[in-house]
Amino acid sequence: MAMDRFRTAAVVALPLLLPLLAAGPASAEPAPLPLGSVRSLHPGDTLAVTAASGQAVNGDTSTSPVLLKAGRMRMTAPRLTAAVTIACDARPGTYPVTLTSAGASRPAEHAAPWAHIRVEPANEAARRACRTKE
């Protein structure tokens with residue numbers, strides 16, 4: 001009798017669970033930011049500055065006035081990637097992301113434009129939530 005109830009529960013639950021199982025695990029991958037792109041993000045969002053081999057090298061630095069801190073390019077085959085986060089106090093607007101060579105003696109003079117980040121407006125509650133996860 002207990003086996004019948006289990007079988008009935010499984011038959012009822014399976015159609016509800018199949019869409020979740022088909023979707024796969026939730027992705028924590030940051031949004032990619034390849035060369036020449038523009039990405040809209042909110043304060044606290046994480047993104048991955050991405051480059052194909054030959055566009056950047058290990059140790060190159062990605063910077064922007066709206067980033068929490070600069071990101072270092074690292075090989076995550078088949079691409080180079082730097083994970084960066086939009087600062088919680090970033091104001092709405094479009095900002096450049098620059099890529100500086102690892103060997104530059106004066107990085108500010110050798111920064112190359114890479115892509116742009118469009119920071120979307122965030123209310124004070126969203127900014128507070130952002131600051132609590134930093």
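## Buried, but unpaired

Buried here means under 20% relative accessible area, with exposed over 50% and partly exposed in between (1.4 Å probe, protein chains only). In this predicted model, aspartate 60 is buried yet has no salt bridge, that is, no side-chain nitrogen of Lys or Arg within 4 Å of a carboxyl oxygen of Asp or Glu. The nearest side chain of opposite charge belongs to arginine 72, 7.4 Å away; Lys and Arg count as positive, Asp and Glu as negative, and His and the chain ends are not counted.

Aspartate 60 sits in the loop between strands E3 (46-52) and E4 (61-63), strands being DSSP runs of at least two residues, numbered from the N terminus. Beyond four places in sequence, its contacts (heavy atoms within 4.5 Å) include Arg72, Met73 and Leu99.

## The one salt bridge

Searching the whole structure turns up one salt bridge. Arginine 131 and glutamate 124 form a salt bridge at 2.7 Å, N to O. Arginine 131 is partly exposed at 39%, and glutamate 124 is partly exposed too, at 42%.

## The core

The largest nonpolar core (buried Ala, Val, Leu, Ile, Met, Phe, Trp, Tyr and Cys joined through side-chain atoms within 4.5 Å) has 21 residues, and Val49, Met73, Ile86 and Ile117 touch the most other members. E9 gives the largest share, four residues.

## How far to trust it

Mean pLDDT (the predictor's confidence in each residue, 0 to 100) is 80, with 72% of residues at 70 or more. Residues 10-27 fall below 50, with zero contacts beyond near neighbours in sequence.

Local features need pLDDT of at least 70 and side-chain atom pairs 80 or more, while totals for chains, interfaces and linings use all residues. Numbering runs from 1 along each chain as its sequence is written, and side-chain values use heavy atoms, leaving out hydrogens and water.
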